[in-house]
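User: Please go through this structure with me, starting with the terms.

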Amino acid sequence: MEAEIGLIGLGTMGSNLALNIAEKGHDIAVFNRTTSKTGAFFEAAGELRSNIIPCTSLEEFVQAIRPPRPIILMINAGQPVDDQIEALKPLLSHDDIVIDAGNANFRDTMRRNGVLDGTGLNFIGMGVSGGEVGARHGPSIMVGGAEASYKRIEQVLLDISAQYEGQACCAWLGENGAGHFVKTIHNGIEYADMQMIAEIYGIMRDGLGMAPKDTAPVFAGWNEGRLNSYLIEITAAVLDTEDAETGKPIVDIILDRAGQKGTGRWSAIEAQQLGIPATGIEAAVAARSLSALKDEREAAEKAYGSLGEALKRDAALLEDLELALLAGKIAAYAQGFAVMSGASADYNWNLPLPEIARIWRAGCIIRSQFLSTIADAFEGADKETNLLVVPAFVEMMREAQAGLRRVVARAAAAGLPVPALSSALSYFDMYRQGRGTANLIQGQRDYFGAHSFERIDKPGAFHGPWGISAI
Ligand SMILES: NC(=O)C1=CN([C@@H]2O[C@H](COP(=O)(O)OP(=O)(O)OC[C@H]3O[C@@H](n4cnc5c(N)ncnc54)[C@H](OP(=O)(O)O)[C@@H]3O)[C@@H](O)[C@H]2O)C=CC1
Ligand SMILES: O=C(CO)[C@H](O)[C@H](O)COP(=O)(O)O
């Protein structure tokens, strides 16, 4: 048997993706650096074994794939990908395609594209989202690279991806690093979504004194409404789960220190590079970094005392919490899509924003019904359109912003931290303020640095009558 495709890296994602590919009837060769894992994987593959060729050396692996070979790398991002490509290069032949399916920084993807350009080998940077269950049963797949290379692997990808109402959640999004850029922003939005949910949980726990088992049904209820999404669904599940060892709610046992592997931070960095505000993502990344300062936070709590004050629990507050999440979500998605729109212009990717929203509706971590409304909003609209001015979102935001405002105000007064929610509110308030306060900043800049300013009543560059001179 010769395999149609190969996959290197049988960790959480790779092993599940390989089983998914095999299950869809595509013969696949697999290889893992630690070869004992390959044997264990093959043993556990059951009846799918007939579609899998387990290989214990790279040479055997490459030989097992029918040329021209598509080879998926599902390994740790960064140096391991460079090393793996280098190890593969002498074994590959003209027209083979190396597909990096990990969470690569898109700048690395562009560099790798450049390095392989002209060697006869092709390179695809492919974002995959959905965690282990998604990888096994249908992830969302964001592809970047030469379209001709994508076309050669399209059928396999369409077969393994999630389906939303009969449409595959997989698309070619543009040349070069486009796929990994979109996956990075997906994760940035994921960070913002998760942080805002955590802030609402914090208000419930520390402001309202609710036990996890009382908060779970609230999230579960919201999941039946406009907030319906995978992240809200799993929030309810996490809050409702007990620790087997202690019998306590598992969320009370988990240390309050969040990990981060880089994609959220890259999203914030790229937004800053492009000069596009992504305050929700930035706040979420900063919040994870602050969460890591556990010892410092404990010391500061001793110095200042615990600030959290009881809030009065009433139905109106719970309704406001739901509205606050909705408003915060609209702001975060508006920012994420604005960053993609800016990058699309900067890198000449022509990113299909409605298509991106469509392929995020199933399979990925931020999947939600909300993305259908976003897809519709971008259909036929200018790429530069901010979601906040699209009629469907104006309507939602008009209703939800009051709840967000009340929640942020009450949380601030009670000393409960809501950095992502409050950044969403400030972004919204600044975005919809026709005359802002940057006139004063321009005055200050001109005062100290002769940077000049524009006037509201005539064109040109002007200096103020500050009465100062360096001479
Ligand atoms: N987990 C998730 O939810 C998601 C992860 N991703 C991304 O997918 C990629 C894989 O993640 P995941 O499966 O979770 O990670 P795991 O830690 O479960 O697996 C990592 C895999 O990479 C291999 N590997 C690590 N270093 C090297 C190296 N230097 N050379 C060759 N192989 C190496 C490991 O081999 P060995 O067994 O020998 O250590 C293992 O097969 C990452 O880029 C991750 O960011 C993307 C979407 C979701
Ligand atoms: O890509 C993913 C989900 O979409 C991965 O789970 C990723 O690891 C999440 O990022 P982080 O580990 O930084 O929270």
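Analyst: A crossover is right-handed if, with the strands pointing away from the viewer, the path from the first strand over the helix to the second runs clockwise. Helices (H or I, at least four residues) and strands (E, at least two) are DSSP runs, numbered from the N terminus. This is a predicted model, in which local features need pLDDT of at least 70 and side-chain atom pairs count only at pLDDT 80 or more, while totals for chains, interfaces and linings use all residues. Residues are numbered from 1 along each chain as its sequence is written, and chains are lettered from A and ligands numbered from 1 in the order in which they are written.

User: Which helix makes a right-handed β-α-β unit with S4 and S5?

Analyst: Strand S4 (residues 70–73) runs parallel to S5, and four bridges join them; two strands pair if DSSP finds at least two bridges between them. The helix that completes the right-handed unit with S4 and S5 is H4 (residues 79–88).

User: Which residue in S6 stands opposite aspartate 100?

Analyst: Asp100 belongs to strand S5 (residues 97–100) and points the same way as Val98. S5 is joined by four bridges to the parallel strand S6 (residues 122–129). In S6, the residue opposite aspartate 100 is glycine 125.

User: How many of the residues of H15 are buried?

Analyst: A residue is buried if 20 or more other C-beta atoms, placed from the backbone, lie within 10 Å of its own (exposed: 12 or fewer; partly exposed: in between). H15 is mostly covered, and of its 32 residues the number buried is 25.

User: How far apart are the end C-alpha atoms of helix H15?

Analyst: The expected span is 1.5 Å times one less than the number of residues. For the 32 residues of H15 (residues 315–346) that gives 46 Å, which agrees with the distance between its end C-alpha atoms, 47 Å.
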